[in-house]
Amino acid sequence: MAGWDEGNVFYSDQQLEDNDVNVADAATRHTAQRKFKEFIRSFGDVKGPFPYRESLLQNPNVLQVALEDLHNFDDELSERLRTMPADYLPLFEQAAAEVLVGLKSKVAGEDGELEEPNTGDVQVLLTSKEKAASIRGLAANSISRLVKITGIIIAASRTKAKATSVTLICKNCKNVKSVACRPGLGGAVMPRSCDHVTQPGEEPCPLDPFVVVPDKSKYVDQQTLKLQENPEDVPTGELPRNLLLAVDRNMVQKTVPGTRVTVVGIYSIFQAGGSGPEQKGAIAIRQPYLRVVGLEQAIDAHKAGGSMNNTDEDMDFKEFARRPDAYQKVCGLIAPSIFGHDDVKKAVACLLFGGARKRLPDGVRLRGDINVLLLGDPSTAKSQFLKFVEKTAPIAVYTSGKGSSAAGLTASVIRDSSTREFYLEGGAMVLADGGVVCIDEFDKMRPEDRVAIHEAMEQQTISIAKAGITTVLNSRTSVLAAANPPSGRYDDLKTAQENIDLQTTILSRFDLIFIVKDARDYARDMQIARHIVNVHATADSIVRGTEVQDKENWLRRYIEYSKSQCSPRLSDSAAQLLQSNYVKIRQQMRQQNDENGGSPIPITVRQLEAIIRISESLARMQLSAVATEEHVTEALRLFHVSTLDAARSGITANLVVTPEMRAEIQQVELQVKRRMGIGSFLSERRLIDEIMRTGLGESTIRRALIVMAQRDEIEYRRERRVIVRKA
């Protein structure tokens, strides 16, 4: 990453000052500065009579100006600032400093105190409500113009001292001269000859006589950042683009890696460092960077104005939330192309809306994000759920467990090739801060990589202690993971521990765990086949239409609105109901563990907090400030059909199977399938007698029939006297 250090000192023997200065241009600049002063002093709007004057008195170091206000005041001045920001922004800051001196003198005069006014620099930060451009859209015609882009900060350098003016002294005549430095990553142009008039008998100054006096030079703080495109803006199959940012003064150390920002800056260029032959030959090549003149974090913008600006749409959302079937309607918009899996869709809806984050008086933070694990057979639409969430969630990152390392998921420490400086670069869970991380093939991850996300899933932070860098990054994300059992398919002949080959430490961090099975049922298979054929047959018309896209956009906007406007809490009656049910669940699981020898999914306080989060997310779907007993009842139902059913799945204590018995059961299944076609029926007694002739015992045969009934392969009718083969 070239250009992390500030610019070099350049030598030039050219006379940069033009003696024939355009008088009209000087008059224009003087007029512009006068208009800037008038704008700060007299502009007023709905925020107050004189918002910028008051802001300057409250914070004399920074003045935040909206470009729309300047356009309403003087559109020509606003246009000049947009097209020539490097020329007019210093005039704006000088005007702000002069206005501040006048305001402080006036305040001091009213108070009867004659204090010396502070003539320090005022940094003008610009904001804009116009649509942000893409990093890919920045071209050569944007250079030296004001642009607005969005992205994620993925790396930040240490703070450096950037010289604003360099003090030079002549080695021969001791003549002192001050040279201004170009802003941003630009350097200073050092004159090659001294302008001292040589007296008779005095030795003339040689060429290049000046040396820098660092102690007498003026400096400001400067930091370089690395901005990356938002993951949702990157076209499929392409690498995300990066752009170097240069921030100074009051914007230094305001952002950390993983922060989503909106940046207003001057698209500039600088000479990249390097002394190789290819660098010497490419004199005309310059590297682009953005000199930031306005930085706004996504969270700050979210708090300041909210994510929704359309009052009519606000009313539509509130009216929708009052409908009694709002919960069902929202769940119906979750992955409409997937047939069935109603409970999984409801769990995904809870994940998208999330619960309420809490901060306790002692500083402990409780997460509100919901984590969901889908584990089961292939071809059960697990990956399709992940892809849908990636497209629908306002912030989402999709990754595969097989190709993701611990550093790729959390954060990595990288050394810059030019400055040899270490800096942090955030991974998937840092980039998805405030959103969802979709991890496919979760079971294919290496165990040491899976352990790395323990802290991120529960404490929602990532602690880094590498190469002398000790810091903590935020990873306030929900995790939606998809995994397969060790054998590829879920085997009912195995216990839950054997089918769910994940550590208890990672399983306890998932709020909902679904076992997704590919059940063999003739009627259901026919419905799925009809649904898939219809989806493929109408795919072109769906693409041409905009109804599906409008629904996805509406759901995304509704999620953003509900998160910004609603932070539900449990009611007293709902809390009592939750307490009593949690105690019952603990007693049932303790009894089951005593009988079956333990469960891979423990029922602990984390699961109680999970039910609370699910209840809050259900209340948030209806824009309710209180989670009622109805919400808790639905949350308990989802918990029962997911996590508790997963803990009770597989062979139970009443059906203990040894490896030898497992082989015999498989033989029985083979014999049953040979003697019975799909849809045929046979007496249970007759079937057992026929199979016993092969040497298998009756208890083994009956055990195999129970297993096949659990898999929906056979069905008992007429009080267990007749068996019908279903699949």
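Reader: What makes Leu623 partly exposed?

Author: In this predicted model, Leu623 has a relative accessibility of 23%, and since buried means under 20% relative accessible area, exposed over 50%, and partly exposed in between (1.4 Å probe, protein chains only), Leu623 therefore counts as partly exposed. Leu623 lies in the loop between α22 (605-621) and β25 (626-627), where helices (H or I, at least four residues) and strands (E, at least two) are DSSP runs, numbered from the N terminus. The phi of Leu623 is near 55°, a positive value in a residue other than glycine.

The model is predicted, with local features needing pLDDT of at least 70 and side-chain atom pairs counting only at pLDDT 80 or more, while totals for chains, interfaces and linings use all residues. Residues are numbered from 1 along each chain as its sequence is written, and side-chain values use heavy atoms, leaving out hydrogens and water.

Reader: Why is Gln253 called exposed?

Author: Gln253 has a relative accessible area of 59%, which is over 50%, so the word exposed applies. The residue lies in the loop between β10 (242-248) and β11 (260-270), and Gln253 has a positive phi of about 60° although it is not a glycine.

Reader: How do you know that Cys170 is in no disulfide?

Author: A disulfide is a pair of cysteine sulfur atoms within 2.5 Å, and by this rule the count comes to 0 disulfides. For Cys170 the nearest cysteine sulfur, that of Cys173, is 3.5 Å away, so the pair does not meet the 2.5 Å cut-off. Cys170 counts as buried, because its relative accessibility of 1% is under 20%.

Reader: What is the nearest cysteine sulfur to Cys331, and is Cys331 buried or exposed?

Author: The nearest sulfur is that of Cys350, 6.8 Å away, and Cys331 is in no disulfide. With a relative accessible area of 7%, Cys331 is buried.

Reader: Why is Ala396 called buried, and with which residues is it in contact?

Author: Ala396 has a relative accessible area of 5%, under the 20% limit, and is therefore buried. Ala396 lies in strand β16 (residues 396-400), and, leaving aside neighbours within four places in sequence, it is in contact (heavy atoms within 4.5 Å) with Pro231, Glu232, Val389, Glu390 and Val436. Ala396 and Ser478 are 82 residues apart in sequence and 9.3 Å apart in space, C-alpha to C-alpha.

Reader: How do you know that β20 and β21 pair?

Author: Two strands pair if DSSP finds at least two bridges between them, and strand β20 (residues 461-466) and strand β21 (residues 469-474) have 6 bridges in the antiparallel sense, so the requirement is met. Within this pair, Ile464 stands opposite Thr471 in β21. The two strands form a hairpin with 2 residues between them, and Ala467 in the turn has a positive phi of about 50°.

Reader: What share of the whole chain is buried, and how many helices and strands does the chain have?

Author: Buried residues make up 44% of the 727 residues in the protein chain, and the secondary structure comes to 26 helices and 28 strands. Of the contacts with a separation of 6 or more, 73% are between residues 24 or more positions apart.
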